[in-house]
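Okay, thanks for making time, everyone. I have one structure to walk through, so let me put it up on the screen.

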Amino acid sequence: MLRNLLALRQIGQRTISTASRRHFKNKVPEKQKLFQEDDEIPLYLKGGVADALLYRATMILTVGTAYAIYELAVASFPKKQE
């Protein structure tokens with residue numbers, strides 16, 4: 001228990017730094033140029049393969065969810081028996 005308290009005290013005494021340990025290149029100007037050029041590619045696909053996969057996964061999940069809701073709605077109303 002004493003170790004836990006000492007560890008907690010050390011965490012509280014550490015200085016909080018907002019400086020990044022890694023320095024990354026600013027890619028914003030490159031991305032702006034890519035997304036602003038008029039090349040007839042839809043905006044949601046300009047990011048390449050990753051964007052295409054994310055788009056397809058989103059569409060599959062959306063259509064699948066809509067179909068599941070439809071089936072639940074159909075199943076919730078019993079058919080009339082004659």
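I'll go through the overall layout, then the confidence, and then a couple of spots around one loop.

So, first thing to keep in mind: this is a predicted model. The chain has three helices and zero strands, and if you read along the sequence you just get α-α-α.

How much of it is buried? Well, of the 82 residues, 2% count as buried. The chain exposes about 8700 Å², and 62% of that comes from carbon and sulfur atoms.

Now, confidence. The mean pLDDT for the chain is 84, with 79% of the residues at 70 or more. Where is it lowest, and where is it highest? The low end is helix α1, residues 2-13, with a mean of 68, and the high end is α3, at 95. The usual caution goes here: where pLDDT is low, don't read the predicted coordinates in detail.

Okay, on to the part I wanted to show you. Look at the loop between α2, which is 28-36, and α3, which is 49-76. Y44 is found in that loop. The structure holds one aromatic pair, and here it is: Y44 with Y55, stacked, 4.5 Å centre to centre and 25° between the planes. They count as stacked because the planes are under 30 degrees apart. The pair links distant parts of the chain, with Y44 in the loop and Y55 in helix α3, eleven residues apart.

Are these two tyrosines buried or exposed? Somewhere in between: Y44 is partly exposed, with a relative accessible area of 43%, and Y55 is partly exposed too, at 33%. Neither one counts as buried, because that would take a relative accessible area under 20%.

Both tyrosines also turn up in a nonpolar patch on the surface. Which residues form that patch? It's Y44, Y55, M59 and V63, and together they have about 380 Å² of accessible area.

One last stop in the loop: G47 sits there as well, between α2 and α3. G47 is partly exposed, with a relative accessible area of 37%. And how far is G47 from K31? In sequence they're 16 residues apart, and in space it's 8.8 Å, C-alpha to C-alpha.

So if you take one picture away, take the stacked pair of Y44 and Y55, with both residues being part of the nonpolar surface patch alongside M59 and V63. That's it from me.

Definitions and conventions
Residues numbered from 1 in each chain as written. Predicted model: local features only at pLDDT ≥ 70, side-chain atom pairs only at ≥ 80, totals over all residues. Heavy atoms only, no water. Helix = DSSP H or I, 4+ residues; strand = E, 2+ residues; numbered from the N terminus. Buried < 20%, exposed > 50% of the residue type's maximum accessible area, 1.4 Å probe, protein only. Patch = residues over 30% accessible without salt bridge, like charges linked within 9 Å, V, L, I, M, F, W, Y side chains within 5 Å. Areas by Shrake-Rupley, 256 points an atom, 1.4 Å probe, with all protein chains shown as cover. Salt bridge = Lys/Arg side-chain N within 4 Å of Asp/Glu carboxyl O. Phe/Tyr/Trp six-rings, centres within 6.5 Å; stacked < 30°, edge-to-face > 60°. pLDDT = per-residue confidence, 0-100.
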